[in-house]
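The exercises below are meant to be worked with the sequence and the coordinates open side by side. Try each task before reading the solution beneath it.

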Amino acid sequence: MNTNLKTLLSDKRLWLGPAPVLIVFLLLINLKVHADNQELERQHQAQLLMPILPGRMRNTDAATARYDASCGESIQTYWPYIPDATRQRLVVISGMSQMHAINDAKLGDEIISQCMDDAMMPHGVRVWGEAAPNLCNEEATMQMVSFFSNPKTTPSVFIYAVCFDKFRNVDLRPGYQQFMDGHPEISQAWRQTADQYAEKYPLASAKMLASLRAIQGATTAVRQDTFESRLRDKVGELVPLVGSRQDLNVMFSMQLGSMRNKVLGITPTSKRPIIQSRYDLNREFLALMADLCKDHHVQFIVYVIPLNPQADNPYVPSEYTAFKQWIAGFATERGLPFANLENVVPKDEWGEFNGGPDFKHFREEGHRRTAAAVIQTFGPWLLGTAQSSDVSAVRSVPQPSSP
Amino acid sequence: MIFTSYTYLLFLIAAFLIHWSLPGRLRKPFLVFASYVFYCSWKWQYGFLLLGVSLFNWCYARWVVSRVQSMSSLVLGIMVNLGALIYFKYTYFILGNVSAIAHVLGLNWHSPTLNIILPLGISFFTFQGIAYLFDVAAGEEPLEHLLDFLLFKSLWPQLIAGPIVRLHEIREQILTPRLLDYSNVAEGSQRILFGFFKKVALADNLAAPVEMVFSSLSVPNAMDAAAAMLGFGMQIYFDFSAYSDIAIGTALLFGYRLPENFNWPYTARSPRDFWNRWHMTLSRWIRDYLFTPMSFASRKRPALMPLWLLVAMALCGLWHGAAWTFVLWGVWHGLLLVGDAFLAKKFPAPAGQPTETFTLKSFPGMIITFVLVNLGWLLFRAQSVKQALVFVRSMITVHGGVRPGILRENAVLMIGVMFAGLIFAQLIHRPAERLMSLMRQHPSRAVNWTMYLVKPAIYAAMIACIIIVDQEAQAFVYFQF
């Protein structure tokens, strides 16, 4: 050390200026983050609508999960445990948070995909759940492309639980981007699909290519193997504020959201009209999914998710009615097994959200009942015994009864 | 190595400690070495390009331009500098246009497939090299030692995206030993922090919704178009001024003071005022090395001045990017400047222009300038002129109503909140500066204690915010230029 560094260190202004106080503040912030680590983790889970059980945090044992328990945050963790489709019949069921959220969760509760797997396993059929909160159709397409990229993960049946307000969403979440970035064969299949359908589905194709460009052009956001990402992880081990930045980000976003809701008087049931260009894009993606399945000889099944009959919802009634008509027509036109399971789960099997009835997420009973309804409605396709004439027969939907 | 990455922070801390631990005579060589490490961390092969261009400029200025001392000696020097820039940046553009012309003429010629990767910062270090040769030709003493010149040319804070530093602005600093001074370190660290905040918390969060609208195949409605235009206007300001802040702050840590590049550009009261506040080092470059020589050459025909202004600004646009949208963006600003000059002649401002940022009188000019500048950003950001026109049409005809059709309501809300924040910051920055200076002049124990706690609390909040909202080192917009 020469005189210059010594000069700086011996400068009174350094010790009496803002620097030491800043360091103290940063230390306090880090201590606070460290102390609240568990709570942050819990809030992150709550944001993902993962079932929160006493004493159990994330990272459900991957080997026994039977679904993507990271809820889209880390697909690669669970991907190796997808049942081998070359050895038995595989059914994939995909959708949004309803697929994995459990209101008033108890230890031992199971979600739709697990209930279906239990029921179908004796028939030599395995069921895998691949869901994420707010899943949009581009993400469902990405799931499909990923599943179809390898014979071992190519299912016989792909069931998609369609949720109307997810047609407001676009883009691939970071977990999906990371997954694609880490699997060149999936990136390639994604590009090929976009090119193949560029004329038929120009909006979806352009969006797919834009998403790919964003992933490949990203500096570190989705890259896991760079010096920068390793450095961040290392710093994160030493500095709690950095280590918990993603959880803090979630909490920060939630607080901003609550502030927005208070200021603008927004409630969970405030009407959320469709955003036309996103709606059109999501419709194209759904059509693309149907074509993809046809190309890969995979049975595509679509159903409209159950909603709480007791709770008001944020849908504009006329738009929702038009959507249901459109999707029923779409399924008929494409010859897809389709059902509207909107009324399958009775009012007492839901739960509460923000002090009022939850319109979209149910208790475990709801999961069992939905799983039963899916099996009852689409059973022949799940077992591989359906005839083409069966398609017209599935419009009659089971009504609430004992699960 | 992106400025807002952890890698850069590690590099900066290491460079700072090593630099100030070394004996004085080794500091300059170390800074040159560190600058090349910084540059080569992106693509090491292009380090040779930078070195080659630097060696040429140093030799040519020292042994040709300074001896001949005439503008004619500049021609070769400028051609060599521009040659590299044209090859790396404009080859595709030129071939694409030649191919289009051939197509129009009915010739069956297609441009060959090339794989040219644009070297980072080439636009900036080319302009710096040309300015150096010009200044030497105009009588300025060239830098005698190669090491001094290499430092001038490659000092990493200004290497990739400016500020475009001219010889007279830094010569004394290069030639005299730098001292580690607390006030420089404090100011430098503060500038870096502000730069991080602007880039990570503001610019990067605006980038996604802006990209969504501009890359959408759907026609944006009035709300989407307006939000995207406003969002991009803020994004590019926060992004580029953040880069300049970090560059200036970094240089200060090593005892060098680079020229300022931004001065609240959205408070400009006229297009001319805007260019005195936006990318100031580029504006001066365009004025001194492009517009002034052209005007001087035709000084007997003053009627040509507006034409030179248009040409200079069109070239300024082309410098930003090899596409006609950028050229038109430059022409748009040229037209604004010509109109501004015409109006200033017709309605000369009374003596004693207001110096305050916001006065009632300056308000209309400020709003009009802001709107015109933001309309220009449409050309800058759009993928084609047609797309820019579609945006303008949507806004004028209130196409599709005022409910967003591409963006989510949250994105529109965020852009609105940031815009309100920008206006608020513009309104309060001068009164706040006055208050601070008043407090410094009349210190009191209570005020001192308050400041002693408030300043670090704000810094800590900013650091926490940067870490939390960080989207992991996104590239700066100006890197593509």
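**Exercise 1.** Identify the buried residues of helix α8 (residues 167–175) of chain B, and state which helices they pack against.

*Solution.* Since this is a predicted model, the answer describes computed coordinates. Step one is to list the residues of α8(B) that count as buried, and these are Leu167(B), Ile170(B), Arg171(B), Gln173(B) and Ile174(B). Step two is to look for their surroundings: the buried residues pack against α2 (24–40), α5 (122–137) and α6 (146–154) of chain B.

**Exercise 2.** Check whether the length of helix α14 (residues 324–346) of chain B agrees with its number of residues, and then find what covers its buried residues.

*Solution.* The helix has 23 residues, which at 1.5 Å a residue should span 33 Å, and because its end C-alpha atoms are 32 Å apart, the two values agree. Turning to burial, the buried residues of α14(B) include Phe326(B), Trp329(B), His333(B), Leu337(B) and Asp340(B). Among the elements that cover the buried residues of α14(B) are α11 (271–275), α13 (305–320), α15 (362–381) and α16 (385–397) of chain B.

**Exercise 3.** Work out the strand order of the open sheet of 5 strands in chain A, and say which strands stand at its edges.

*Solution.* Chain A has 16 helices and 7 strands, and the open sheet of 5 strands follows the order β2-β1-β3-β4-β5, with parallel pairing. The edges are β2 (125–131) and β5 (338–340) of chain A, because each has a single partner strand, so that one side of each is left without a neighbour in the sheet. Neighbouring strands of this sheet are turned by 15° against each other on average, direction ignored.

Next, follow two of the pairings. β1(A) and β2(A) are joined in the parallel sense by 7 bridges, and within this pairing Val92(A) has Trp128(A) of β2(A) as its bridge partner. Strand β4 (residues 299–304) of chain A runs parallel to β5(A) and is joined to it by 3 bridges, with Val302(A) standing opposite Phe338(A) in β5(A).

Finally, consider what packs on the sheet. Helix α6 (residues 112–120) of chain A touches β1 (89–95), β2, β3 (157–162) and β4 of chain A, and its direction makes about 175° with that of β2(A). Helix α16 (residues 364–383) of chain A lies across β1, β2, β3, β4 and β5 of chain A, running at about 155° to β4(A). As for β1(A), 6 of its 7 residues are buried, so this strand is largely enclosed by the rest of the structure.

**Exercise 4.** Classify the aromatic pairs Phe3(B) with Tyr8(B) and Trp58(B) with Trp63(B), and then compare the burial of their members.

*Solution.* Over all chains there are 65 aromatic pairs. Phe3(B) and Tyr8(B) form one that is tilted, with 4.7 Å centre to centre and 40° between the planes, and both residues are buried. For Trp58(B) and Trp63(B) the centres are 5.4 Å apart and the angle between the planes is 75°, which makes the pair edge-to-face, as angles over 60 degrees count as such. Here Trp58(B) counts as buried at 10% relative accessibility, whereas Trp63(B) is partly exposed, with a relative accessible area of 39%.

**Exercise 5.** Find how far the charged end of Lys89(B) is from the ring centre of Trp319(B).

*Solution.* The charged end of Lys89(B) sits over the ring of Trp319(B), 5.5 Å from its centre.

Technical notes. Residues are numbered from 1 along each chain as its sequence is written. Chains are lettered from A and ligands numbered from 1 in the order in which they are written. This is a predicted model: local features need pLDDT of at least 70, side-chain atom pairs count only at pLDDT 80 or more; totals for chains, interfaces and linings use all residues. Side-chain values use heavy atoms; hydrogens and water are left out. Rings of Phe, Tyr and Trp (its six-membered ring) pair if their centres lie within 6.5 Å; planes under 30 degrees apart count as stacked, over 60 as edge-to-face and the rest as tilted. Buried means under 20% relative accessible area, exposed over 50%, partly exposed in between (1.4 Å probe, protein chains only). A charge sits over a ring if NZ of Lys or CZ of Arg is within 6 Å of the ring centre and within 35 degrees of the ring normal. Two strands pair if DSSP finds at least two bridges between them. Helices (H or I, at least four residues) and strands (E, at least two) are DSSP runs, numbered from the N terminus. Axes are lines fitted to C-alpha atoms, for helices over the stretch in contact, and angles run from 0 to 180 degrees between N-to-C directions. Contact means heavy atoms within 4.5 Å. The expected span of a helix is 1.5 Å times one less than its number of residues.
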